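User: I'd like to understand the reasoning behind the labels used for this fold. Could you walk me through it?
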Amino acid sequence: MKPTPIVLSIAAVGLSVLTACGGGGSGTNVTKAAQAHGPIKIWYSNNEDEVAWGKAAVAAWNASHPKETVSGEEIPAGKTSEEVITAAITAGTEPCLILNTAPAAVPNFQAQGGLVPLNDFPDGAKYIESRTGARASQYKSPDGKYYQLPWKSNPVMIFFNKKLFAKAGLDPKNPPLHTNAQFLDTAKKLVAAKVSKYAIYPAPTSEFFQSWFDFYPMFAAESGGKQLVADGKSQFDTPAGQSVAQFWRSIYAGNLAGTEKYNGDAFADGVAAMATVGPWAVNVYKGKVDWGVVPVPTSQAMPANSIHTFSDAKNIGMYASCKNRGTAWDFTKFITSVDQDGKLLGKTGQMPMRTNLQQTYADYFAKNPAYNDFAAEADRTVEVPSIPNSVTIWQSFRDAWSRSVIFGKSDPLLELHTAATKIDGLAKHS
């Protein structure tokens with residue numbers, strides 16, 4: 001299915017990991033930089049709703065900070081956001097803040113010397129951890145510092161087309177999608193009834209990040225919230241990972257998902273009856289698809305309030321060329337305040353990464369019930385590991401997944417084991 005605006009910016013970065021240390025400097029220079037105030041520049045994503053929110057946030061700040069003005073603009077056009085940021089770091093032209101920093105790219109930017117550890121600020125770690133809660137630990141780098149502020153997530157769930165389900169004789173109010181077996185049986189019924197060509201259509205292409213939308217949400221759920229790699233060792237050559245691989249192999253072997261790139265949105269076009277997406281999709285499919293949403297399935301039925309999923313987050317990074325870091329940090333806290341998080345939620349439907357989300361914005365969720373399921377899921381999101389060689393690790397996994405699960409050229413369990421061995425080596429030497 002067609003990648004979302006949230007996903008496009010992460011596309012295929014073969015970023016080389018340099019040997020430099022993370023940015024920020026040391027000693028007296030760090031203290032001076034962290035205390036410096038004055039004008040700063042920021043980049044936000046080119047997502048229309050985020051641009052509108054960003055412009056309003058900048059205007060609100062500037063109205064009360066005439067000596068610390070912020071100039072904001074969309075991230076410059078390029079093949080990918082990551083390539084644009086990498087080039088800017090190399091040239092020393094990156095802005096103070098980029099509100100479109102992908103967690104998977106953080107280790108590369110850090111190795112390039114391009115990021116400021118937010119622990120440089122006296123309240124840096126405390127602010128992140130108090131706002132984000134327990135999930136904050138997933139965003140620490142191996143040196144124990146935060147080179148990104150966890151900002152907003154798009155918890156991945158299963159969208160289903162109610163009309164197509166009803167045509168296939170399936171209950172659109174309570175679809176049988178809770179377990180892997182139910183999901184597989186439902187997928188077969190959808191295709192057999194010819195209500196859609198495929199039951200589901202995750203992108204079958206080889207980019208490293210595509211595993212975040214087929215394997216990773218279900219692995220997060222099946223494993224109870226584990227990441228791909230933890231403590232320098234892969235976590236997926238396990239019963240949980242094997243179960244997910246076998247499930248998806250059954251889907252592809254049954255011709256229930258497409259194996260060729262689809263130039264469009266298979267779910268919106270009715271080519272697929274289901275999709276794995278986040279809350280960004282609510283506005284995208286409004287008026288196009290009468291949809292419902294459920295958590296990703298697991299091998300054994302689990303209550304919805306215990307199921308984990310992939311975060312699909314974008315975060316805020318402070319970059320090393322920034323001189324007035326005191327202002328940059330104050331502005332970061334301003335745009336992640338309760339008030340601004342509420343405005344971001346209202347404008348984009350994306351979930352601010354803060355504790356007690358549903359309680360804090362109870363009025364919003366009462367008026368916008370379509371987002372409630374995503375908000376409930378937001379507390380149980382799993383991030384990509386923040387470790388060096390991150391992109392290479394994910395590409396190694398994707399290559400193995402493509403060969404075995406999507407195209408059936410090798411045994412999925414053997415490929416998981418081989419990939420785990422390779423990834424263990426990459427994680428060990430990262």
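User: What makes strand 1 and strand 3 a pair, and which residue stands opposite Tyr-44 in strand 3?

Analyst: Happy to help! In this predicted model, Tyr-44 stands opposite Leu-99 in strand 3. A pair needs at least two bridges. Strand 1 and strand 3 have 3 bridges, in the parallel sense, so they count as paired.

User: What about strand 2: how do you know that strand 1 pairs with it?

Analyst: The same cut-off of at least two bridges applies. Strand 1 and strand 2 share 5 bridges and run parallel, so they pair too. Here Tyr-44 stands opposite Glu-74. Between these strands the chain passes through helix 3 (residues 48-64), in a right-handed β-α-β crossover.

User: Why is strand 1 called mostly covered?

Analyst: Buried means under 20% relative accessible area. In strand 1 (40-44), 4 of the 5 residues are buried, so the label "mostly covered" follows.

User: What makes strand 2 and strand 13 edge strands?

Analyst: The order of the open sheet of 6 strands is 2-1-3-12-4-13, with mixed pairing. Strand 2 (70-74) and strand 13 (351-352) each pair on one side only. For strand 13 the partner is strand 4 (residues 149-153), antiparallel over 2 bridges, so the requirement of at least two bridges is met. Lys-152 stands opposite Pro-352 there.

User: Which helix lies across strand 1, and at what angle does this helix run to strand 12?

Analyst: That is helix 12 (residues 325-335), which also lies across strands 2, 3, 4 and 12. Helix 12 runs at about 160° to strand 12 (314-318).

Conventions:
Residues are numbered from 1 along each chain as its sequence is written. This is a predicted model: local features need pLDDT of at least 70, side-chain atom pairs count only at pLDDT 80 or more; totals for chains, interfaces and linings use all residues. Side-chain values use heavy atoms; hydrogens and water are left out. Contact means heavy atoms within 4.5 Å. Axes are lines fitted to C-alpha atoms, for helices over the stretch in contact, and angles run from 0 to 180 degrees between N-to-C directions. Buried means under 20% relative accessible area, exposed over 50%, partly exposed in between (1.4 Å probe, protein chains only). A crossover is right-handed if, with the strands pointing away from the viewer, the path from the first strand over the helix to the second runs clockwise.
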